[in-house]
Amino acid sequence: MSDATAPESSNLPNLHVDRYEAAWIRVSLLMMTIFLAAVITASVAWGIQVPGAYQRIKPAEIMAEGSPFANPGLRELAPGKYEAYIRAATWSFTPEEIRVPAGASITFYITSVDVQHGFKVMETNLNMMILPGQVSTLKATFDKPGTYNMICHEYCGAASPTIGHHTMYGRIIVEETETAAR
Ligand code: CUA
């Protein structure tokens, strides 16, 4: 944009943009370009995922016959590849413990039977909200043997005081494998 005034005959409005304002517009555009590139790089090249609402589920149907949440737990889909269905309720995760060999990749499917909960696995970037009526999903690979606590990080409870929120946790135990590499 220039400061030159439009000819008298022109019907275009005389759009005056201050020099500093123009500079800030350029800076903003540059920043947006950098952020967009960062988001695309993170998702495509680094595989960073945003927790997804995988599907909707009626809380009344969670325990219905055929629902994977009626009998939650770990299922091995292929060697080293697992899916874990977890039910969150005030104030526990079912199952409370998951055991996998090192190098295992787990896709988590979690829903809540009552109120809003959180799901965070320590020492990983697994972190999502668990909402009633929705199945949340994230995938992670556990290369290092050890115990990873999965904790609820949403202050949960149907009525106040929410006395049990801090007791809502479980663990993922990653066991050493005899064969180092898979
Ligand atoms: Cu569930 Cu806090």
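**Salt bridges, a sheet and a surface patch**

Let's start with charges. The count of salt bridges comes to 3. One caveat up front: this is a predicted model.

So who is involved? Four residues, Glu97, Arg99, Arg171 and Glu175, are linked in a network of salt bridges. Let me take the pairs in turn.

Glu97 bridges to Arg99, with the closest N and O atoms 3.1 Å apart. Glu97 also bridges to Arg171, and there the closest N and O atoms are 3.2 Å apart. That second pair links distant parts of the chain. Glu97 sits in strand E5, Arg171 sits in strand E11 (residues 169–175), and 74 residues separate them.

Then there is Glu175 with Arg99. Their closest N and O atoms are 2.7 Å apart. This pair, too, links distant parts of the chain: Glu175 is in strand E11, Arg99 is in strand E5, and they are 76 residues apart. As background, side chains of opposite charge can pair when their charged atoms come close.

Are these residues buried or exposed? Take Glu97: at 35% relative accessibility, it counts as partly exposed. Arg99 is partly exposed at 44%. Arg171 is partly exposed at 26%. Glu175 is partly exposed at 34%. The class runs from 20% to 50% relative accessible area, so Arg171, at 26%, falls in it.

Next, the sheet. What is the strand order? It reads E5-E11-E10-E7-E8. That is 5 strands in an open sheet, with mixed pairing. The edges are strand E5 (97–101) and strand E8 (127–130), and each of them pairs on one side only. From one strand to the next, the twist averages 20 degrees.

Note how this fits the charges. E5 and E11 stand side by side in the strand order. Glu97 in E5 and Arg171 in E11 form one of the salt bridges across the two strands.

Now look at another pairing inside the sheet. Strand E7 (residues 117–121) and strand E10 (residues 146–151) run antiparallel to each other, over 2 bridges. Val121 stands opposite Met150 in E10. In general, strands of a sheet pair through backbone hydrogen bonds, either parallel or antiparallel.

On to the cysteines. How many disulfides does the whole structure hold? The search finds 0. For reference, a disulfide is a covalent bond between the sulfur atoms of two cysteines. Where do the cysteines Cys152 and Cys156 stand on accessibility? Cys152 is buried, at 6% relative accessibility. Cys156 is buried as well, at 1%.

Last stop, the surface. Which residues make the nonpolar patch? They are Tyr20, Trp24, Val27, Leu30, Met31, Ile34 and Phe35. Together they make a patch of about 790 Å².

Take Tyr20 from that list. Tyr20 is located in helix H1 (residues 19–44). Is Tyr20 buried or exposed? Its relative accessible area is 58%, so Tyr20 is exposed.

To recap. A network of salt bridges links Glu97, Arg99, Arg171 and Glu175. The open sheet has 5 strands. The disulfide count is 0. And the nonpolar surface patch covers about 790 Å².

Conventions
Residues are numbered from 1 along each chain as its sequence is written. This is a predicted model: local features need pLDDT of at least 70, side-chain atom pairs count only at pLDDT 80 or more; totals for chains, interfaces and linings use all residues. Side-chain values use heavy atoms; hydrogens and water are left out. Patches are made of residues with over 30% relative accessible area and no salt bridge: like charges are joined within 9 Å, nonpolar side chains (Val, Leu, Ile, Met, Phe, Trp, Tyr) within 5 Å. Accessible areas come from the Shrake-Rupley method with a 1.4 Å probe; for residues, only the protein chains shown count as cover. A salt bridge is a side-chain nitrogen of Lys or Arg within 4 Å of a carboxyl oxygen of Asp or Glu. Helices (H or I, at least four residues) and strands (E, at least two) are DSSP runs, numbered from the N terminus. Buried means under 20% relative accessible area, exposed over 50%, partly exposed in between (1.4 Å probe, protein chains only). Two strands pair if DSSP finds at least two bridges between them. Axes are lines fitted to C-alpha atoms, for helices over the stretch in contact, and angles run from 0 to 180 degrees between N-to-C directions. A disulfide is a pair of cysteine sulfur atoms within 2.5 Å.
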